[in-house]
Amino acid sequence: MSHQSNQVVESISVVIPTLNEATHIRTCLKSLSQSSTPINEIFVVDGGSQDETKSMIKGFPVRLLESKKGRGYQISLGVKACRSDAVLVLHADASLPPDVAKTIISVLNKNPDVVGGEIGQRFVSTTPKPILLLVEALNDFRATWQSGSFGDQGQFFRRASIEQAGGFPNIPLMEDVELTAQLNKKGSLVFLDGGLQCSARRWEKDNATERFLLVLSLVVRYKFLKLIGKDPSKKLFEEYYRS
């Protein structure tokens, strides 16, 4: 472990990728404004929204960046702009509890071997479905026992560690899976189980079971194709947004 990864963490930035998030972005930003530990920087990285997303962020202390569509591309651009010691990637339909930023900074300072991790999330659903409880349980299991996480769980990391790993994965899809793989090579990951509130809108809009199977299929195929030396992210990105 390099000395750079073990540095004291004093500040945290948040990167939020957006694409047509006018309905949710203000709730997300409002939750950040209520953080007990001030967020040093907030970057909203837009991938070409056709709705009112960009006007909805007015009045908040955020910096807007514009990127080509693809969550990984967007987050990568935001992370490159960050200057804080730690970075939290937050989806636009999530709300951050007030004490989480403080917890992230504390955990990283108390555990020099920890290079990042995830907060952990729970769905906010208007029509609760058993499949959502299963997804939450599987996400928790993966984070606890396999040091793996998805983007909607609130991934965070030391900025120095991701720079040492070559930067945030600049790919359109599966950037969260790739990020976990990169960070695992640099040190330990921690699961905070911090109760991030995440909208269940996509699961309510689609057939939840079919969506679950699609996501599972994409992850398995991505890992297999990476194993045999291929980069399937663009192909899977096209399939995901066609579905």
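This text walks through the pockets, some buried residues and the salt bridges of a predicted model.

Start with empty space. Rolling a probe the size of a water molecule over the atoms shows where such space is left. The largest pocket holds about 980 Å³. Its lining counts 43 residues. Arg-142, Phe-150, Val-177, Val-215 and Val-219 are the ones nearest the centre. Five elements each give at least two residues to this lining: α5 (130–145), α7 (175–186), β10 (196–199), α8 (201–205) and α9 (208–227). Helix α9 contributes the most, with eleven residues. By type, the lining of the largest pocket splits into 21 nonpolar, nine polar and 13 charged residues.

Now the second largest pocket. Its volume is about 540 Å³, and 20 residues line it. Nearest its centre lie Arg-201, Arg-202, Arg-211, Tyr-240 and Tyr-241. At least two lining residues each come from β1 (12–18), α3 (71–81), α8 and α10 (233–242). Helix α8 has the largest share, three residues. This lining has five nonpolar, six polar and nine charged residues. Helix α8 thus appears in the lining of the largest pocket and in that of the second largest pocket.

Next, the buried residues. Asp-176 sits in helix α7. Asp-176 is buried but has no salt bridge. Which side chain of opposite charge is nearest to Asp-176? That is Arg-71, 5.0 Å away. A salt bridge needs nitrogen and oxygen within 4 Å. Beyond its neighbours within four places in sequence, Asp-176 touches Ser-149, Phe-150, Gly-151 and Gln-155.

Asn-139 belongs to helix α5. Its relative accessible area is 6%, so Asn-139 counts as buried. With neighbours within four places in sequence set aside, its contacts are Gln-121, Phe-150, Asp-152 and Gln-153. Phe-150 therefore links back to two earlier points: it is in contact with Asp-176, and it is among the residues nearest the centre of the largest pocket.

Ser-161 lies in helix α6 (residues 159–164). Its relative accessibility is 0%, so Ser-161 is buried. From Ser-161 to Gly-187 is 26 residues in sequence, but 8.7 Å in space, C-alpha to C-alpha.

Finally, charge pairs. Side chains of opposite charge can pair when their charged atoms come close. The structure has eight salt bridges. One of them joins Lys-54 and Glu-66, at 3.0 Å from N to O. Lys-54 is in helix α2 (residues 53–56) and Glu-66 in strand β3 (residues 63–66), so this pair ties together parts twelve residues apart in sequence. Lys-54 is partly exposed at 29% relative accessibility. Glu-66 is exposed, at 54%.

Arg-71 returns here. Arg-71 forms a salt bridge with Glu-175, with 3.4 Å between the closest N and O atoms. Arg-71 is in helix α3 and Glu-175 in helix α7, so the pair ties together parts 104 residues apart in sequence. Are these two residues buried or exposed? Arg-71 is buried, with a relative accessible area of 18%. Glu-175 is buried too, at 2%.

A third salt bridge brings together Arg-201 and Asp-93, at 3.0 Å from N to O. This pair links distant parts of the chain: Arg-201 is in helix α8, and Asp-93 is in the loop between β4 (86–89) and β5 (94–95), 108 residues apart. Asp-93 is buried, with 8% relative accessible area. Glu-21 joins Asp-93 and Arg-201 in a network of salt bridges. Arg-201 is also one of the residues nearest the centre of the second largest pocket.

Definitions and conventions. Residues are numbered from 1 along each chain as its sequence is written. This is a predicted model: local features need pLDDT of at least 70, side-chain atom pairs count only at pLDDT 80 or more; totals for chains, interfaces and linings use all residues. Side-chain values use heavy atoms; hydrogens and water are left out. On a 1 Å grid over the protein atoms alone, a cavity is a set of points where a 1.4 Å probe fits but cannot get out, and a pocket is an open set with protein on both sides within 12 Å along at least five of seven lines; lining residues have an atom within 4 Å of a point. Grid points are joined across faces, edges and corners, and a volume is the space filled by probe spheres set on the points. Helices (H or I, at least four residues) and strands (E, at least two) are DSSP runs, numbered from the N terminus. Ala, Val, Leu, Ile, Met, Phe, Trp, Tyr, Cys and Pro count as nonpolar, Asp, Glu, Lys and Arg as charged, and the others, Gly among them, as polar. Buried means under 20% relative accessible area, exposed over 50%, partly exposed in between (1.4 Å probe, protein chains only). Lys and Arg count as positive and Asp and Glu as negative; His and the chain ends are not counted. Contact means heavy atoms within 4.5 Å.
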